[in-house]
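The following paragraphs lead the reader through a single protein model, from its overall make-up to individual side chains. Please keep the structure in view while reading.

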Amino acid sequence: GTADLTLNVTGTVTQLAGDVITANSLQLLGTGAINLDDPNNDVAILAASHSGTISYRDLNDLVIGTVTDTAMAPNTTTSGITNTSDVTLTSGGKLTVSVAIAATGDASQIALLAMGDVLVSANITASQPGNMVDSSTATAGEQITLRSLRGSIAIANNVVISTDENLAPDTSSNSTSDKITIEAVVTSSQVAAVAATGQNQV
C-alpha cells in the first residue's frame, strides 16, 4: 500500500493468518501487547511511541524512521521507537535503523533480526531512565540483539548501543545480567561481516 497506517490501541493487538498489513508506513501508539507476526506484512517505515511489548515481522526491507499520519486530527508524528517493554523486529530483507530505538522498561529486550543487512545509524538503548550512570542503581537483564542471517551488520560513526550499565559500569557492585549480541551468520553462498566504524560504544 501507499498510505500511512496508525494503530492507536489500548489492549492486545493480534493478527490472524492471512490478514496482512500493507502500507507505506506504520505508526504504533497506545498501550498493550502488539503481535503483528505475519511474514507477509509489508511496510516501508515503522515508528512507535508505545507502552507494552512490540513484535513486528515484515516481508522485505524495513526502515525504523519517522512516520506522520495526516489522516489523524491533529496530525501525529512519531520518530523512531520508544517503548516501555520488549521490542522484536524481524525483516525478510534489509533492516535499517535511521532513528533511535529505546526500550525503557525493567529488563527490556530489543531484538533486531534480518535476512539481509542490518544498518544502524542511530542509537539503540535498553535502559530505565536514570540507570546509565552507576551500575549500583542499574536493573538486571536488559538485552540487545542484532542478527543478520544472510548479510552484514554495519554500525555508523558515533552510534551508541547500550544497556543500563554500558556507559559507566561499577564492577564492585555489578550484579546485573545485561547483554549485547551482534551476530552475522555466514552461509555457504555468502560472506557475512560485522562492521563498526568510528567511535562506537558497544
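What percentage of the 202 residues of the protein count as buried? The share is 41%, where buried means under 20% relative accessible area, exposed means over 50%, and partly exposed lies in between (1.4 Å probe, protein chains only). The model is a predicted one, in which local features need pLDDT of at least 70 and side-chain atom pairs count only at pLDDT 80 or more, while totals for chains, interfaces and linings use all residues. Residues are numbered from 1 along each chain as its sequence is written, and side-chain values use heavy atoms, with hydrogens and water left out.

The protein has zero helices and 20 strands; these elements are DSSP runs numbered from the N terminus (helices: H or I, at least four residues; strands: E, at least two). About 9,100 Å² of the protein is exposed, and carbon and sulfur atoms supply 50% of that area, as computed by the Shrake-Rupley method with a 1.4 Å probe, only the protein chains shown counting as cover for residues. Of the contacts between residues at least 6 apart in sequence, 48% join residues at least 24 apart, a contact being heavy atoms within 4.5 Å.

A useful element to trace is an open sheet of six strands, ordered β3-β5-β10-β13-β16-β19 and paired in parallel. Two strands are taken to pair if DSSP finds at least two bridges between them. The edges are formed by β3 (34–36) and β19, each of which has a single partner strand, so one side of each is left without a neighbour in the sheet. From one strand to the next, the twist averages 5 degrees, with axes as lines fitted to C-alpha atoms (for helices over the stretch in contact) and angles running from 0 to 180 degrees between N-to-C directions.

Within this sheet, β10 (residues 87–91) can be followed to both of its neighbours. Five bridges join it in the parallel sense to β5 (residues 54–58), with Ile-54 having Val-87 as its bridge partner. Five bridges also link β10 and β13, again in parallel, and here Val-87 stands opposite Ile-110. In a regular strand the side chains alternate between the two faces of the sheet. The covered face of β10 carries Val-87, Leu-89 and Ser-91, whereas Thr-88 and Thr-90 belong to the uncovered one.

Another strand with such a pattern is β8 (residues 76–79). Thr-76 and Thr-78 point to one face and are buried, while Thr-77 and Ser-79 point to the other and are not. Strand β8 pairs with β7 (residues 66–69) in the antiparallel sense over four bridges, and Val-67 stands opposite Thr-78.

Val-67 and Leu-89 also appear in the surroundings of Leu-46. The contacts of Leu-46, not counting residues up to four places away in sequence, include Leu-26, Leu-28, Tyr-56, Val-67, Ile-81 and Leu-89. Leu-46, Leu-112 and Ile-124 have the most contacts inside the largest nonpolar core, which has 35 residues. Such a core is a set of buried Ala, Val, Leu, Ile, Met, Phe, Trp, Tyr and Cys residues joined through side-chain atoms within 4.5 Å.

At the β19 edge of the sheet, how many bridges join β16 to β19? Six bridges hold this parallel pair, among them one between Ser-148 and Ala-184. A search of the whole structure finds one salt bridge, that is, a side-chain nitrogen of Lys or Arg within 4 Å of a carboxyl oxygen of Asp or Glu. It is formed by Glu-183 and Arg-147 (2.7 Å, N to O). Glu-183 lies in β19 (residues 179–184) and Arg-147 in β16 (residues 143–148), so the pair ties together parts that are 36 residues apart in sequence. Glu-183 is partly exposed at 31% relative accessible area, and Arg-147 is partly exposed at 26%.

The loops remain to be considered. Gly-105 is found between β12 (101–103) and β13 (109–114), and counts as buried because its relative accessibility is 9%. Its contacts include Asn-83, Gln-128 and Glu-142. The loop between β12 and β13 also holds Ala-107, which has a positive phi of about 60 degrees although it is not a glycine. Ala-107 is partly exposed, at 30% relative accessible area. Asn-158, in the loop between β17 (153–155) and β18 (161–163), has a positive phi of about 70 degrees and is partly exposed at 46%.
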